[in-house]
Amino acid sequence: MKRIGIVSDSHGMRGMLEQSLIKLEAGAPLDALIHCGDGGSDAKYLAGNILQTVIVRGNCDGWGCDYEDDMLVNIGGVSIFVTHGHRYGVKSGLDTLASAAAANVTDRCAEKKSREGEYHE
């Protein structure tokens with residue numbers, strides 16, 4: 001089983017994020033680190049030996065950063081929809097986010113099958 005650390009909103013506080021990573025890796029090293037925005041450069045700086053690092057843009061990361069708003073990643077055979085949440089109104093509920101995640105997984109599965117010649121309409 002893969003060990004995945006998920007963090008968010010570090011806002012330049014690398015020391016605090018570093019302490020979180022130390023706690024997350026107490027049992028064993030992480031296989032992947034997911035940073036859900038607002039301080040992705042912190043995660044990039046501290047990723048070190050973590051095999052896979054996934055970073056998305058948060059509402060405070062600014063439009064000049066090179067992170068995607070959302071990503072669908074596969075870690076250890078599990079598809080994970082990674083987002084900060086601000087584009088889906090998560091402060092008001094999770095329905096929009098759940099719909100986007102479901103649609104994203106369905107679209108990506110159909111796209112993959114199409115590339116592999118397994119998808120037919």
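In this predicted model, the accessible surface of the chain adds up to about 7700 Å², and carbon and sulfur atoms account for 51% of that surface. Of the 121 residues in the chain, 35% are buried. The fold is built from three helices and five strands, and reading from the N terminus the elements come in the order β-α-β-α-β-β-β-α. As for how the chain folds back on itself, take the contacts between residues at least 6 apart in sequence: 46% of these join residues at least 24 apart.

Next comes the interior. The largest nonpolar core brings together ten residues, namely Val7, Leu17, Leu21, Leu30, Leu33, Ala43, Leu46, Ile50, Ile55 and Tyr67. Two helices, H1 (14-24) and H2 (40-46), each put at least two residues into this core. Leucine 46, one of the core residues, gives a closer look at the contacts made there. Setting aside neighbours within four places in sequence, leucine 46 touches Arg14, Leu17, Glu18 and Leu21. Apart from the ten-residue core lies another one, made of nine residues that include Ala32, Val56, Val73 and Ile80.

Histidine 35 deserves a paragraph of its own. This residue belongs to strand E2, which covers residues 32-35. Is histidine 35 buried or exposed? With a relative accessible area of 0%, histidine 35 falls under the 20% cut-off, and so it counts as buried. Its side chain still finds polar company: a polar contact of 2.9 Å links it to the side chain of serine 10. On top of that, the backbone oxygen of glycine 39 sits 3.3 Å from a polar atom of the histidine 35 side chain. Once neighbours within four places in sequence are left out, the contacts of histidine 35 are Val7, Ser8, Asp9, Ser10, Leu17, Gly40, Ala43, Val54, Ile55 and Val56. Some of these names also turn up in the largest nonpolar core, among them Val7, Leu17, Ala43 and Ile55, while Val56 is listed in the nine-residue core.

Further along the chain there is a hairpin. Strand E4 (residues 70-75) pairs with strand E5 (residues 78-83) in the antiparallel sense, over six bridges. Where the hairpin turns, isoleucine 75 stands opposite valine 78 in E5. Two residues lie between the strands, and glycine 76 adopts a positive phi near 60 degrees in this hairpin. Both strands also have a link to the interior, since Val73 and Ile80 are among the residues of the nine-residue core.

Conventions:
Residues are numbered from 1 along each chain as its sequence is written. This is a predicted model: local features need pLDDT of at least 70, side-chain atom pairs count only at pLDDT 80 or more; totals for chains, interfaces and linings use all residues. Side-chain values use heavy atoms; hydrogens and water are left out. Helices (H or I, at least four residues) and strands (E, at least two) are DSSP runs, numbered from the N terminus. Buried means under 20% relative accessible area, exposed over 50%, partly exposed in between (1.4 Å probe, protein chains only). A polar contact is a pair of N or O atoms within 3.5 Å; within protein, one must be able to donate a hydrogen and the other to accept it, and residues adjacent in sequence count only if both atoms are side-chain atoms. Contact means heavy atoms within 4.5 Å. Accessible areas come from the Shrake-Rupley method with a 1.4 Å probe; for residues, only the protein chains shown count as cover. Two strands pair if DSSP finds at least two bridges between them. A nonpolar core is a set of buried Ala, Val, Leu, Ile, Met, Phe, Trp, Tyr and Cys residues joined through side-chain atoms within 4.5 Å.
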